[in-house]
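Biologist: Hi! I'm new to this one, so could you walk me through it?
Modeller: Happy to. Let's bring it up and go step by step.

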Amino acid sequence: MADGLERLWTPHRMTYISGEDRPAEGYEKPTGCPFCRAPKLPPEESLVVARGEHVFVVLNLYPYNPGHLLVCPYRHVADYTDLDVPETTELASYTQTAMRVIRKVSNAHGFNLGMNQGGVAGAGIAAHLHQHVVPRWGGDANFMPVIGRTKVLPQLLGDTRDLLARAWPS
């Protein structure tokens, strides 16, 4: 290495960056939507952590931090205002539970919570509403994302899913 830099290869990120895993029919229809497909798959494939009556919780396949969860309604709706009252209530409740569980298993110092409404607002999958629950720790943002455009994740997604699923209240 002529420049003296260490390399941390993250080839799995290229799938997301290039969009090569995007279905041909797009995300607009439930058949191409990963949030519509996930609840039908086995937990180890889907990364679903918990299931409610109206929403489910799934690990983000391309997380910002370990334990980055998405709270999704089962119903394929794009806009927060399209949720009915039971869906809205359960989405809020599951977001709170997600925070409690993440604190319990990984001692998160804080959280970023949010929904990107529409592609222009940064939603990668704008057709299916999802609430991000991103755990944060003091010092978790280092030079890697800023200089190297790489996020270092110390835990495999399957291990994170198992840890959170076991801690989720029944």
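Biologist: Let me just dive in: which residues does Val57 touch, not counting residues up to four places away in sequence?
Modeller: Val57 touches Leu47, Val48, Val49, Ala50, Leu69, Leu70, Val71, Tyr94 and Trp168. Touching, or contact, means heavy atoms within 4.5 Å.

Biologist: Before I go on, what kind of model is this?
Modeller: This is a predicted model, where local features need pLDDT (the predictor's confidence in each residue, from 0 to 100) of at least 70, side-chain atom pairs count only at pLDDT 80 or more, and totals for chains, interfaces and linings use all residues. Residues are numbered from 1 along each chain as its sequence is written, and side-chain values use heavy atoms, with hydrogens and water left out.

Biologist: Where is confidence lowest, and where is it highest?
Modeller: The lowest mean, 56, is in helix α5 (residues 143-148), and the highest, 98, is in helix α4 (residues 85-106). Helices here are DSSP runs of H or I with at least four residues, strands are E runs of at least two, and both are numbered from the N terminus. For the protein chain, the mean pLDDT is 84, with 75% of residues at 70 or more.

Biologist: And how should I treat the low parts?
Modeller: Where pLDDT is low, don't read the predicted coordinates in detail.

Biologist: Back to α4, then. What does its buried side pack against?
Modeller: The buried residues of α4 pack against β1 (48-51), β2 (55-59), β3 (69-73), β4 (110-114), β5 (131-136) and α6 (157-167). Among those buried residues are Leu91, Tyr94, Ala98 and Ile102; buried means under 20% relative accessible area, exposed over 50%, and partly exposed in between, with a 1.4 Å probe and protein chains only.

Biologist: What comes right after α4?
Modeller: Asn107, whose phi is positive, near 55°.

Biologist: Which residues touch the most other members of the largest nonpolar core?
Modeller: Val49, Val57, Leu69, Val133 and Trp168, out of 33 residues in that core. Its largest share, 6 residues, comes from α4. A nonpolar core is a set of buried Ala, Val, Leu, Ile, Met, Phe, Trp, Tyr and Cys residues joined through side-chain atoms within 4.5 Å.

Biologist: New topic: how many disulfides are there?
Modeller: The search of the whole structure finds 0; a disulfide is a pair of cysteine sulfur atoms within 2.5 Å.

Biologist: Why don't Cys33 and Cys36 form a bond?
Modeller: Because the sulfur of Cys33 is 3.9 Å from the closest cysteine sulfur, in Cys36, which is too far. Cys33 is buried, at a relative accessible area of 0%, and Cys36 is buried at 10%.
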